[in-house]
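Subject: Handover of a structure and notes on it

Dear colleague,

I am handing over the structure below, together with my notes on what was found in it. Please read the notes with the coordinates open beside you.

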Amino acid sequence: MGLELQYADGQTPIDENEKEGLKIKSITTQGELDEFEQFNIEKAVEWTIHTNFKPERILTEEFIKDLHKKMFGDVWKWAGQFRRSDKNMGVSWMQIEIELKKLLDDTKYWIEKNTFSPEENAIRFKHRIVAIHCFPNGNGRHSRLIADIIMESIFGQEIFSWHQSNMVKAGDIRKKYITALRKADNGEIKPLIEFAKNRKANQ
Ligand SMILES: Nc1ncnc2c1ncn2[C@@H]1O[C@H](COP(=O)(O)OP(=O)(O)OP(=O)(O)O)[C@@H](O)[C@H]1O
Ligand SMILES: [Mg+2]
């Protein structure tokens, strides 16, 4: 029997080809998949907590891929590998490397020139990397964890509050999140920063 998945608003569907990359064949429902992925992500978060990343290591293609692999590698064979097909979101798959390179370079420049506050820097990075959509799936969760790593390991600041709530499931918090992302698409970055920072409102 195939894997039947349901998608919340703003989720990227996984195509049939990609479903074949499922490593745990006993998974047949969305709920089971969410659980296995969450368990894998928690292991990755542990790894990030116990590793002291040098700032220059974070802003590299290698790290971007490594982190995705740590987060999803127990569940998906294609974890840590860039997309090889187009999606309803993101750049054409052939543009991923070059767009990511531009983002990494821009971010290093912002840091060097103090262009933005730490929060704005991390959130601009998060919004752009999820807009590129490097991977077949898991881009949202990956982008949120990277924003936290940027805050902590590059700026020595407290991480954001999104880890406290379940952003994967549909609900009011997710609605707020997607609304803030759409505003950021239109150049208005503040609502996404506020969303990420606002502990009480997200609980
Ligand atoms: N209009 C948008 N602008 C920017 N980012 C968006 C937009 N719509 C969706 N996204 C991002 O894309 C993510 C969906 O991509 P994908 O399914 O690869 O990530 P995920 O980690 O599986 O999902 P999630 O973020 O829901 O946990 C959304 O969660 C959100 O972070
Ligand atoms: Mg998804």
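The notes that follow go from the ligand to the helix contacts and then to some single residues.

Please keep in mind throughout that this is a predicted model.

I begin with the ligand. There are 16 residues around ligand 1, and those that come nearest are G10, T12, N139, G140 and R141. Three helices, namely helix 6 (118-132), helix 7 (139-154) and helix 8 (172-185), each supply at least two residues of this shell, and the largest share, four residues, comes from helix 8. Sorted by class, the shell around ligand 1 holds six nonpolar, seven polar and three charged residues.

Two of the helices that contribute to the shell, helix 6 and helix 7, also pack against each other, at an angle of about 155° and with their axes 9 Å apart. Since angles over 145 degrees count as roughly antiparallel, helix 6 and helix 7 are therefore described as roughly antiparallel to each other, and their crossing is right-handed. On the side of helix 6 the contact is made by P118, N121, A122, I123, F125, K126, I129 and V130, while helix 7 brings N139, G140, S143, R144, I146, A147, I150 and M151. By class, this contact of helix 6 with helix 7 has 10 nonpolar, four polar and two charged residues. You will notice that N139 and G140 appear in this contact and are also among the residues that come nearest to ligand 1.

Helix 7 has a further partner in helix 4, and here the packing angle is about 120°, with the axes 10 Å apart. Helix 4 passes helix 7 in a right-handed crossing. The residues that meet are L67, H68 and M71 in helix 4 and R141, H142, L145 and I146 in helix 7, and by class this contact has four nonpolar, two polar and one charged residues. R141 is thus found in the contact of helix 4 with helix 7 as well as among the residues nearest to ligand 1, and I146 of helix 7 takes part both in the contact with helix 4 and in the contact with helix 6.

Helix 4 (residues 61-72) also meets helix 2 (residues 30-50), where the axes come within 6 Å and cross at roughly 130°; helix 2 and helix 4 are therefore oblique to each other. This contact is made by E37, N40, I41, A44 and W47 of helix 2 and by K70, M71 and F72 of helix 4, and by class it has five nonpolar, one polar and two charged residues.

M71 deserves a separate look, as it is named in the contact of helix 4 with helix 2 and in that of helix 4 with helix 7. Is M71 buried or exposed? With 26 C-beta neighbours inside 10 Å, M71 counts as buried, because the cut-off is 20 or more. Leaving aside its neighbours within four places in sequence, M71 is in contact with N40, I41, A44, G138, R141, H142 and L145. The C-alpha atom of M71 is separated by 8.9 Å from that of F39, a residue 32 places away along the chain.

Two residues other than glycine have a positive phi that you may wish to inspect. N114 lies in the loop between helix 5 (96-113) and helix 6, its phi is near 55°, and with 9 C-beta neighbours inside 10 Å it counts as exposed. H133, in the loop between helix 6 and helix 7, has a phi near 65°, but H133 is buried, with 23 other C-beta atoms within 10 Å.

Two last residues complete the notes. R124, in helix 6, counts as buried with 21 C-beta neighbours inside 10 Å, and, not counting residues up to four places away in sequence, R124 touches F116 and I189. N198 is found in the loop between helix 9 (190-197) and helix 10 (199-202), and with 14 C-beta neighbours inside 10 Å N198 counts as partly exposed. The C-alpha atoms of N198 and G31, 167 residues apart along the chain, are separated by 28 Å.

With kind regards

Note on methods:
Residues numbered from 1 in each chain as written. Chains lettered and ligands numbered in written order. Predicted model: local features only at pLDDT ≥ 70, side-chain atom pairs only at ≥ 80, totals over all residues. Near = placed C-beta within 6 Å. Nonpolar A, V, L, I, M, F, W, Y, C, P; charged D, E, K, R; others polar. Axes fitted to C-alpha atoms, helices over the stretch in contact; angles between N-to-C directions. Parallel < 35°, antiparallel > 145°, perpendicular 65-115°, else oblique. Contact = placed C-beta atoms within 7 Å. Left-handed = near helix turned anticlockwise from the far one by under 90°. Buried ≥ 20, exposed ≤ 12 C-beta atoms within 10 Å, placed from the backbone.
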